[in-house]
Each structure stands twice: as structure tokens, then as C-alpha cells.
Amino acid sequence: MTETPVHPPVLPAHVSLLSGFMAPGPIADPDDGEDRRILIVDDESGIRDMFAAWLGEDFECETAASADEALACMAVQPYAIVISDMMMPGRNGVELLREITMRYPETGVIMVSGVDRPQRVRDALRLGAFDYLIKPCELDVLTLSVERALSRRSLLRTARLYKASLETQNVELANRKAELERLQAQLVHTEKMASLGQLAAGVAHELNNPAGFVYGNMDLLSTYVSALQELLRAYDQLSLTEEAASVIDAVKTRIGYERLIADLASIIDDCREGAERICEVVKNLRLFSRLDEAEIKQIEIHGGIDSTIRLLSHYFGSGGIVIRRDYGELPLVNCYAGQLNEVWMNLLVNAAQSIRGSGEVTISTRHEGESVVVTFSDTGKGIPADNLSRIFDPFFTTKPVGEGTGLGLSITYGIVERHGGSISVESQVGTGTTFTLTLPIEPTKKVIDQSV
Ligand SMILES: Nc1ncnc2c1ncn2[C@@H]1O[C@H](COP(=O)(O)OP(=O)(O)OP(=O)(O)O)[C@@H](O)[C@H]1O
Ligand SMILES: [Mg+2]
């Protein structure tokens, strides 16, 4: 008969490719000392002493005269093997076996009995005994049984240790996988935002001039139309010949003169409003892609937030929405003041718009190491999980047409990123939303270079 060699478990090759991941090394057996310790339990002192004397040459043997005494010994220190008689006064060998397998599963139990009944043997083995020897047993057979029990115990312990080690490695792997997935998502998000930024910059650049012509000419158009209206009114005052008056009246009727004159002003107003909106979108796209005005300087964060709140008095002045300030001690932060005000504005307007009726917006600030952390928490309607990954996308809005362009958060994201900071969001529908910004106190050289 050939024996299959027992190898330590082998991890899949790809596992070790993960940086920092430790493949399992040799596993140390923590309590080698107990491996040679044997407890002999028998109510007959002659047998106890004979076994102890025989095995004592190679092992550290102790004896007990009953199951209770044996359990008392085991409570004090662990044993590798227990050799127990079956028939003993008080608790018998089977009861002792039951206790040992339950309380000390690593201890191997060899039963020794004068009763040679197959059912007894089967029962003892089924309960977890390693071997069942019939008295009087050959002492060599006893040694053999002890050695086999020890090597089985050692294999079991090694397997258990490997299993525990593998489980730890599995947990570590799962954590690393989650971390990699998070980093990947972050990378995809950053790349997406970068390409959206380029697109936005291109669109803004192309639209900027034509939108400027249209908007710039609106005032002139309005003035010219007013002048022409004045001229027409002067003509209307003139008395005409009957023939000329009927020609003019026919033309007036055909073109709907009265309605046309009345509508002109509001048409021009609508056009001006539309042009203003286009300019606003272009300006926001430029802000999202690159804010090129202003210079970097030391600013006091709280002052910027407070002045923005004052500008938003129509949201926060009437008392429906309460502002709570939980300001910490902050150092001056080197940044683009105008851009950061844009950030506070977007976050505060969003918070206010998410609150229907009354609610609270809490602003907290903290100094953490090389950064400042600013959080805006509102008690508004919250953001559904499906939308959370899209709110920083340009033009993503859930607001009605005319109320939101969906650019606020994408601009905010761009600004925070350009400052070398980060922004994250947590939200629960029906409870509220918290935006957390981390901004470095001193921007890195890269941030400064990007901004010139
Ligand atoms: N504090 C908040 N509470 C609930 N929803 C929010 C909050 N902030 C943002 N959102 C959601 O994210 C969307 C995108 O916000 P973003 O500021 O980019 O655009 P907007 O507010 O819709 O329009 P704009 O800011 O251009 O006027 C919002 O339409 C809204 O659905
Ligand atoms: Mg907004």
C-alpha cells in the first residue's frame, strides 16, 4: 500500500502577485510542550503504574484514578493523549471520552478495556476515540497506538493552523479586492471627469464668442427698436390722404401691426433672458473646466462661507431653514478665494433647495493635519442611491427645467480637484445629505502650475 504524502496547502499563483500580500509561510505549532504529555486514567493502580513506567521512557506521563480526577488534571494543563480505562467507578470511560471530545477536541483518546465487544468498540470510535485496545494489551501495541495518535493529532493541528491562516488570507484578499475596486471606481471617475472637463472647455470656448455677440447686441437692439417705435408713433400722428391711409391700414392689418408693436418689447426681453442663460451656462462650463480669473492667496475659510450665506439671504434669511455653524479653529488656507466661494454657493444652494419647508443646514469645519475638512449636512430630501454616482456629472439635474442646469456640483468637483482636495457625499433619502470637502492648507506645486 502506498501512502499519499501530505503537503501544506498551496495558494493559487495569482495571490502572490498582489503587492504586500504574504503567501503563507511555515506555520508554527504554538504549544509544542504538551505534545509529549500523556494522561493515564485507570482505577487499578497496577495498570496505571505499568503503563506510566513503560511510556515514561519516551513521554511525560501522569496518572489519574477516575474520570473526575482526569478532568481536574486536564483543567490545569493540556495533554496530547489520554489513555483511559472503560470501566471505572463514578463516571466511566465513555463519559470521560464524551467530555474530552467536547472540551478538548485536540486531545487524542485511546480507550483500554477488558470488554471485547464489537458494539462497544464501534461506540467508542464513533464518539471520537482514536483507538480501542483490549486488556491485557501488549505494551508495544500501546506504544504504537500512542505514536499513531500523536502523528494524527499533529496532522490535524497543522491542518487547522493552515485553515486558520488561509481564512485570514482570504479576509485580507477580500479587503484588498474591495480596496482595488474602490480605487478603480475612483480612477474611472477621475478620468471621466477629466474628459468631461475637456469637452466642457471646448464647448465653452466655441460658444463664448457667439453667445457674447448675441448678449452684447441685445441692449443695442432694444434701443434701436425703441427708436423705430418712436418714429412709427410720429408717423402715426401725421394726417394722410384717404388713399395713403387706406394703403397703410391694409398693410397694418396684414402684418398685425398693433399686436406686433405690443409684442416687440416682451420678445426682446425673452431674447435677453435666453442670451443671459446661455452666457451663464458658458460661464459655468468655463468654471467647471478651468477657472482662470483671480490668484492664489491666503484666505480665511469661515469668512468666505459667512459672506456666501449672507448673499443667499432669500434661502436662509426668512427663518424656514436654520443654519448651524460648528466651526473649529482653522489656519489660513492658500487657495483661489473666488473659486471656493463658488463651491460654498453651490453646496449651500443645493442644500437649501433640497429642504422643503423647514429644516437645517449644519456647516462643520476641522483642521486635520495638512488639510482642512469642511462638511455641509442638510436635513433635506436626500439623494437616491442610483443618482449618487451621477451628481458630479455636468448637466445631471433632478430639478425642473429653468431651476437647475446640473452644473453646480461638477463645477464644485473641478474646483476642489484643482486645489488638490477631495469631495465625497453621503446621503439617505428622507433624512438628508452630507458633503465632505478636504482641502490642503498649502496647495502643491502641481496645483499652482495647473492654475496659471
Ligand atoms: N444637498 C442635496 N440634497 C439632495 N439632492 C442634491 C443635493 N445636492 C445635489 N443634489 C442632487 O444633485 C443634482 C445635481 O446637483 P448640481 O448642483 O450639480 O445641479 P443642480 O442643483 O440640479 O443645478 P445647478 O446647480 O446647476 O443650478 C441635483 O439636481 C440634485 O438632484
Ligand atoms: Mg446646484
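**Close-up views of a predicted model**

**Figure 1. Helix H8 and its two sides.** On the face of H8 turned away from its buried side sit the exposed residues Gly-303, Ser-307 and Arg-310. This is a predicted model, so please read every view with that in mind. Which residues of H8 (residues 301–311) are buried? They are Ile-301, Ile-305 and Thr-308. These buried residues lie on the same side of H8 because they cover an arc of only 65 degrees around the axis. A little helix geometry helps here: with 3.6 residues a turn in an α-helix, residues three or four places apart point the same way. The packing partners of the buried residues of H8 are strands S6 (296–299), S8 (333–336), S9 (359–368) and S10 (371–378), together with helix H10 (337–354).

**Figure 2. Helix H2, buried on one face.** Here we look at Ala-67, Ala-70, Leu-71 and Met-74, which are buried in H2. Down the axis of H2, its buried residues fall within an arc of 95 degrees, so they line one face of the helix. Ala-72, Ala-75 and Val-76 are exposed on the other side of H2. What do the buried residues of H2 pack against? Their partners are S1, S2, S3 and H3.

**Figure 3. The largest nonpolar core and a second one.** The largest nonpolar core has 33 residues, and Ile-38 and Ile-110 touch the most other members. Two or more residues of this core come from each of strands S1 (37–41), S2 (60–64), S3 (81–85) and S4 (108–113), and from each of helices H1 (45–55), H2 (67–76), H3 (93–103) and H5 (139–237). A second, separate core holds 29 residues, among them Ile-301, Val-333, Ile-391 and Phe-435. Ile-301 is also one of the buried residues of H8.

**Figure 4. Around Ile-110.** Let us stay with Ile-110 for a closer look at its surroundings. Setting aside neighbours within four places in sequence, Ile-110 is in contact with Ile-81, Ile-83, Ala-129, Phe-130, Asp-131, Leu-133, Ser-145, Val-146 and Ala-149.

**Figure 5. The shell around ligand 1.** How many residues surround ligand 1? There are 22, and the closest are Ser-354, Thr-397, Gly-404, Gly-408 and Leu-409. H10 and helix H12 (408–418) are the elements that give two or more residues to this shell. With four residues, H10 provides the largest share. By character, the shell divides into 13 polar, six nonpolar and three charged residues. H10 also appears in Figure 1, as one of the elements against which the buried residues of H8 pack.

Technical notes. Residues are numbered from 1 along each chain as its sequence is written. Chains are lettered from A and ligands numbered from 1 in the order in which they are written. This is a predicted model: local features need pLDDT of at least 70, side-chain atom pairs count only at pLDDT 80 or more; totals for chains, interfaces and linings use all residues. A residue is buried if 20 or more other C-beta atoms lie within 10 Å of its own, exposed if 12 or fewer, and partly exposed in between; C-beta atoms are placed from the backbone. The arc is that of the directions from the helix axis to the C-beta atoms. Two residues are in contact if their C-beta atoms, placed from the backbone, lie within 7 Å. A residue is near a molecule or strand if its C-beta atom, placed from the backbone, lies within 6 Å of it. Ala, Val, Leu, Ile, Met, Phe, Trp, Tyr, Cys and Pro count as nonpolar, Asp, Glu, Lys and Arg as charged, and the others, Gly among them, as polar. A nonpolar core is a set of buried Ala, Val, Leu, Ile, Met, Phe, Trp, Tyr and Cys residues joined through C-beta atoms within 7 Å.
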